[in-house]
Amino acid sequence: MTPPASPENPADSSSGDDHPGVPGDADRSAGEGNSGSDRFHERLHVPWWWWVAAAVVTGVLGYEIQLSAHRAAWSVVGYVAVGLLCAWMLWSLGRASVRVTPDRELHAGRARLPRAVIARGATVPATAKSAALGRQLDPAAFLMHKAWVKTMVLLVLDDPDDPTPYWLVSTRDPSALLAALDLPDAAAEAGIAD
C-alpha cells in the first residue's frame, strides 16, 4: 500500500487536498494511467444544488460589500471576489476521485491499495454510515469520506506489515467498486445492504 504524500513519503509529488484523511485527486500525476482504461472511475463532485447556493451567497455577500462601499465604482469587485472564492471552494471539495486500475489497484485520492492485500469488502449503506464513522470507527483505519456521498465501501485488509485494519471510502456506486475489485459484497451476502 502506498499512502498519500507526506513529509515521510516525498516520492509522491502529485498535488491534492492538504486535509488529513482526505487525499487529493488521483488523476493529475503524469505517471498515472488513462482513466478510460480503468475498471472503475468516479469523481466525487459536490451536489449541483451547492452551486446554486453558492450563487445566492455570492449575490447576497456581493450586495453587502457594494452597500458598505457606498455604491462606489469598484464595489462590484465584491461580487467577483466572493464568486471566485465560492467556485474555488466547491471545485476543491469535489476534486477527489476513486478508481480501480486494470490491475485491480484501488486509488482513493492519492492513496493506493493493491487488490492482493484486501481480504474482503462490504457496502456501507446510508443507514449505517453514521455508525461506521462514529462509535464503530477504528482510529487506525484509512478514511476517505465525503459528507455529500451517502454510501461507502469497507475494505478489510490482510497485510501483516500494515497497521491499518481497514479502509472506508466514499462512493456513490459501492457495488460497482467492489465488482471492479472482484470482491463479493459481504453486506449483501449477510442481507444487510440496502
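**Exercise 1. Place Trp 49 in the fold and describe its ring contacts and its part in the surface.**

Solution. Trp 49 belongs to helix α1, which spans residues 48–68; helices (H or I, at least four residues) and strands (E, at least two) are DSSP runs, numbered from the N terminus. The model is a predicted one, in which local features need pLDDT of at least 70 and side-chain atom pairs count only at pLDDT 80 or more, whereas totals for chains, interfaces and linings use all residues. Residues are numbered from 1 along each chain as its sequence is written, and side-chain values use heavy atoms, with hydrogens and water left out.

The next step is the rings: a search of the whole structure gives three aromatic pairs, where rings of Phe, Tyr and Trp (its six-membered ring) pair if their centres lie within 6.5 Å, and planes under 30 degrees apart count as stacked, over 60 as edge-to-face and the rest as tilted. Trp 49 and Trp 50 form an edge-to-face pair, with 6.0 Å centre to centre and 75° between the planes. Ring pairs also link Trp 49, Trp 50 and Trp 148 into a cluster.

**Exercise 2. Characterise the pair of Phe 142 and Trp 167 and state which elements it ties together.**

Solution. Phe 142 and Trp 167 are tilted, with 4.1 Å centre to centre and 35° between the planes. Phe 142 lies in strand β6 (residues 142–144) and Trp 167 in strand β8 (residues 166–170), so the pair ties together parts that are 25 residues apart in sequence. Both Phe 142 and Trp 167 are buried, where buried means under 20% relative accessible area, exposed over 50% and partly exposed in between (1.4 Å probe, protein chains only).

**Exercise 3. Identify the residues that touch the most other members of the largest nonpolar core, and follow the contacts of Leu 106.**

Solution. A nonpolar core is a set of buried Ala, Val, Leu, Ile, Met, Phe, Trp, Tyr and Cys residues joined through side-chain atoms within 4.5 Å. The largest core has 30 residues, of which Val 98, Leu 106, Leu 113, Leu 155, Trp 167, Leu 177 and Leu 181 touch the most other members. Among the elements that give two or more residues to this core are α2 (77–93), β2 (97–100) and α4 (174–180). Leaving aside residues up to four places away in sequence, Leu 106 touches, among others, Val 98, Leu 155, Trp 167 and Leu 181, a contact being heavy atoms within 4.5 Å. Another core, of six residues, lies apart from the largest one and includes Val 124, Ala 132, Met 152 and Tyr 166.

Key. Patch = residues over 30% accessible without salt bridge, like charges linked within 9 Å, V, L, I, M, F, W, Y side chains within 5 Å. Areas by Shrake-Rupley, 256 points an atom, 1.4 Å probe, with all protein chains shown as cover. Salt bridge = Lys/Arg side-chain N within 4 Å of Asp/Glu carboxyl O.
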